Amino acid sequence: MKLGVNLLCVGGMIDGQQLQACQIAVDHGYDGVEIPVLEGTPDDYGQLAKKLDDLALQRTCTAIIPRADADPTSADREIRARGITHLNWIVDCASALGAEIIGGPFHAPIGRFTGTGPTEDEWQRGAEAHHKMAERAAKQGMRLALEPLNRFETHFLNTAAQALRYIQMIDHPAFGIMYDTFHAHIEEKSQPEAINALSGHINVLHVSENDRGIPGTGQIDFDAIFRAAKQTGFDGWVVMEAFGAGVPELAAAMRIWRPMFESHEKLFRDSAAFIREKWARA
């Protein structure tokens, strides 16, 4: 297992001002950091890579589809083309960063709904775009970890069963899933069963509490989740995700109206201790 921390709790664009958070991650034994890829250029992420190398931090990254006029699943050819251009930009930035895995909900714009579930045409367009993205990522030595979200954030991909079918449609060895315990807590009848269904296809395990605060302080049964993950043979990136006010627009979108943790120091320290202890016992 490699232990990581998602830095969206710190900011949306990680640069020199946020390096103190990276040092906190080092101090508490994290193997790496999950870097938001939301803006900037490949050169920006190349510069950040050098700073992370100095700290001996490995990295993954997380990305989204930021707006409805660049949706790779759209029926509109121009909108879809902008979406594919955005997916290519994600891969280029992640490569410059030296990321092992590109994770996140880079399938459809967050918060955009059609009033129904995903159509077959939407899935076909998405699968075509993500297959090409997987090919591009694989050529640069990376894998994908697409993240299903709960039904209140997207209509496109919500459950493990949907994720498994989507994996089969894309049919590329570099394509896999980011399994997030917060979203699954809402959508799945049984998290161990969902994890078992995705056996061999989870590239990142996101450890996120039901209130998006410090893992282990809420309702989610991480003992059962970690046992299930280890039983499938998973031994990859286990990344803690919590949300604060680091990205105001994201905090608003995630409905984070109150502090979820006292400080980044406490969040990083307590989460690392909790995850390592629970993982060892699983």
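Visitor: Is R281 buried or exposed?

Guide: R281 counts as exposed, at 64% relative accessibility. Here exposed means over 50% relative accessible area, buried means under 20%, and partly exposed is in between, with a 1.4 Å probe and protein chains only.

Visitor: What kind of model is this?

Guide: This is a predicted model, where local features need pLDDT of at least 70, side-chain atom pairs count only at pLDDT 80 or more, and totals for chains, interfaces and linings use all residues. Residues are numbered from 1 along each chain as its sequence is written, and side-chain values use heavy atoms, with hydrogens and water left out.

Visitor: Back to R281, then. Which side chain meets R281 in a salt bridge?

Guide: That's E277, at 3.0 Å from N to O. A salt bridge here is a side-chain nitrogen of Lys or Arg within 4 Å of a carboxyl oxygen of Asp or Glu. E277 is partly exposed, with a relative accessible area of 37%.

Visitor: Where are R281 and E277 in the chain?

Guide: Both are in helix α10, residues 264-281, and being four residues apart, they are separated by about one helical turn. Helices (H or I, at least four residues) and strands (E, at least two) are DSSP runs, numbered from the N terminus.

Visitor: Which residues are joined into one network by salt bridges?

Guide: K266, R269 and D270, through bridges that share partners. The side chains of R269 and D270 meet at 3.1 Å, N to O. R269 is partly exposed at 35%, and D270 is partly exposed at 24%.

Visitor: How many salt bridges are there by this rule?

Guide: The count comes to 14. Among them is the one between R67 and D69, at 2.6 Å from N to O. R67 is partly exposed at 41%, and D69 is partly exposed too, at 34%.

Visitor: New topic: how many residues does the largest nonpolar core have?

Guide: It has 76 residues, and those with the most contacts inside it include I35, F106 and F268. A nonpolar core means a set of buried Ala, Val, Leu, Ile, Met, Phe, Trp, Tyr and Cys residues joined through side-chain atoms within 4.5 Å.

Visitor: What does I35 touch?

Guide: Leaving out residues up to four places away in sequence, I35 touches ten residues' worth of neighbours you can look up, including L7, I14, Y45 and L97. Contact means heavy atoms within 4.5 Å.

Visitor: Which residues are in the other core?

Guide: Apart from the largest core lies another, of six residues, among them A145, M178, V204 and V239.

Visitor: And the rings? How many aromatic pairs does a search of the whole structure find?

Guide: The search finds nine. Rings of Phe, Tyr and Trp (its six-membered ring) pair if their centres lie within 6.5 Å; planes under 30 degrees apart count as stacked, over 60 as edge-to-face and the rest as tilted. In F156 and Y166, the centres are 5.6 Å apart and the planes at 90°, so that pair is edge-to-face.

Visitor: Where do F156 and Y166 lie?

Guide: F156 is in the loop between β5 (143-146) and α5 (160-170), while Y166 is in helix α5, ten residues apart. F156 and Y166 are both buried.

Visitor: Which residues do ring pairs link into a cluster?

Guide: F222, F226, F234, F274 and W279. F222 and F226 sit four residues apart in helix α8. Both count as buried, with F222 at 2% and F226 at 0%.
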